[in-house]
Amino acid sequence: MDLSLLFGQIILMFALMLVGILANKVKFMHEQTASDLTNVLLYIVSPCLIVQSFQKPYSANRIHIFLLLVVGVFLVYIVQIVVSKVLFKGLYDHNLQRIVKYGSIYSNAGFIGIPLASSLFGSTGVFYAVVPLAMFNIFNWTHGVKLFASDSEQNLIEKLKSILFNPNIIALFVGLMIFAFSIRLPSFLNQMVGYISSINTPVSMLVIGNSLANIVFKNFRLDRSLTLSLFLRNLVYPIVTSIIMHVFGVTGVPLATAILMMSCPVGGMVVLFTLQVHGKQEPAITLMAVSTMLSLITIPAVFLFNNLLG
């Protein structure tokens, strides 16, 4: 993959985040605004983008690669969960332990990965990016939720409902039907879906920038466990993804998309889950912010490794 193109696109993303930071500082974006935009992105824009990406002629080769990605990304998540559990098992601070575990495993694939995949590879990139996004939702709403909840709070039916009725998962099934039967959306509907999808990248970056603007830097404390979590999330696990995908024989855009999605920085859900259980949020905020800023360097570094491997 052309690293200069990737780096240029990441710089553009950070420039858009800066606009979000400025919008926050001049009071153009408030907490309710950011919350509303987040809901619009998650429940309207992202599903439209997924459906649009599946409007391609049916291809057995695409299905074969799609299934390879499913198995490969599933395996990556299993590796991440097992390794993080072992490495952070000795932490006595329960709040910190669940933050660093979650932060090392779950990335900001939806808000950063999908826009990057769309910008770099168009609808083909989003088509393959759907696999890591679906796996994120499945693991996040089962294993990820369990990290922040006691056993008494676990309800299998509720967890299954949260996965199956997630708009992105619904969009995935709709998209698969469109792809499998080579269905073409009516011109009007297709144009509407296209218009909605086109706002995904800029609005996502504005929302992330707004979140970064709310961070109080004097509260930053990077201890050993947070540093290890950053190292795993930003470098080790993306490299593991690259190796596993090469073993499975995935190449080209599918390979680049899978690595891109799994190279994204720590997801903002770590802060939301910590707040939900009334835990100390400073380590979660620090992890998310530093990981996001480091991704400017670490994502190209991971692709440099991948180019050397390939």
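This note goes through a predicted model point by point.

1. **Annotated spans.** The UniProt record, an unreviewed entry, places the feature "transmembrane region" at residues 6-24, 66-88, 100-120, 163-183, 195-217, 229-249, 255-275 and 287-305. Two of these spans can be set against the model. Residues 6-24 are 100% helix and 0% strand. Their end C-alpha atoms lie 27 Å apart. Residues 287-305 are likewise 100% helix and 0% strand. There the end C-alpha atoms are 24 Å apart.

2. **Nonpolar surface patch.** Which residues form a nonpolar patch on the surface? They are I157, L160, L164, F165, I170, F173 and V174. Together they have about 680 Å² of accessible area. Helix 6 (156-164) and helix 7 (167-180) each give two or more residues to the patch. V174 is one of the patch residues and sits in helix 7. Its relative accessible area is 39%. V174 is therefore partly exposed, since that class runs between 20% and 50%. The record's span 163-183 is also worth viewing alongside this patch.

3. **Cysteines.** The structure holds zero disulfides. Two cysteines deserve a look. C48 has 14% relative accessibility and counts as buried. C264 is buried too, with a relative accessible area of 0%. Both values fall under 20%, which is why both residues are classed as buried.

4. **Aromatic pairs: F66 and F127.** There are 15 aromatic pairs in the structure. One of them joins F66 and F127. The ring centres are 5.6 Å apart, with 55° between the planes, and the pair is tilted. F66 belongs to helix 3 (residues 60-87) and F127 to helix 5 (residues 109-147), so this contact ties together parts that are 61 residues apart in sequence. F66 and F127 are both buried.

5. **Aromatic pairs: Y106 and F136.** Are the rings of Y106 and F136 stacked or edge-to-face? Their planes stand at 75°, so the pair is edge-to-face. The ring centres are 6.0 Å apart. Y106 lies in the loop between helix 4 (94-105) and helix 5, while F136 lies in helix 5. The pair therefore ties together parts that are 30 residues apart in sequence. Y106 is buried, with a relative accessible area of 0%. F136 is also buried, at 12% relative accessibility.

6. **Aromatic cluster.** Y106 and F136 also belong to a cluster linked by ring pairs. The other members are F74, Y77, Y102, F139, W141, F148 and F273.

7. **Positive phi.** Most residues other than glycine have a negative phi. Two residues here are worth checking on that score. K27 has a positive phi of about 65° although it is not a glycine. K27 is in the loop between helix 1 (3-25) and helix 2 (31-53). At 57% relative accessibility, K27 counts as exposed. S182 is not a glycine either, yet its phi is positive, at about 50°. S182 is in the loop between helix 7 and helix 8 (187-197). Its relative accessible area is 40%, and S182 is partly exposed.

8. **Positions far apart in sequence.** Where is Q281? Q281 is in the loop between helix 12 (269-276) and helix 13 (282-309). It is partly exposed, at 26% relative accessibility. Q281 and L96 are 185 residues apart in sequence, and their C-alpha atoms are 9.3 Å apart in space. H94 and G279 are also 185 residues apart in sequence, with 9.4 Å from C-alpha to C-alpha. H94 is in helix 4. At 48% relative accessibility, H94 counts as partly exposed.

9. **A further distance.** How far apart are the C-alpha atoms of V253 and K85? They are separated by 32 Å, with the two positions 168 residues apart along the chain counted as sequence separation. V253 is in helix 11 (residues 252-262). V253 is partly exposed, with a relative accessible area of 28%.

Definitions and conventions. Residues are numbered from 1 along each chain as its sequence is written. This is a predicted model: local features need pLDDT of at least 70, side-chain atom pairs count only at pLDDT 80 or more; totals for chains, interfaces and linings use all residues. Side-chain values use heavy atoms; hydrogens and water are left out. Patches are made of residues with over 30% relative accessible area and no salt bridge: like charges are joined within 9 Å, nonpolar side chains (Val, Leu, Ile, Met, Phe, Trp, Tyr) within 5 Å. Accessible areas come from the Shrake-Rupley method with a 1.4 Å probe; for residues, only the protein chains shown count as cover. A salt bridge is a side-chain nitrogen of Lys or Arg within 4 Å of a carboxyl oxygen of Asp or Glu. Helices (H or I, at least four residues) and strands (E, at least two) are DSSP runs, numbered from the N terminus. Buried means under 20% relative accessible area, exposed over 50%, partly exposed in between (1.4 Å probe, protein chains only). UniProt positions are given in the numbering used here, feature names are shortened, and annotations may be inferred rather than shown by experiment. A disulfide is a pair of cysteine sulfur atoms within 2.5 Å. Rings of Phe, Tyr and Trp (its six-membered ring) pair if their centres lie within 6.5 Å; planes under 30 degrees apart count as stacked, over 60 as edge-to-face and the rest as tilted.
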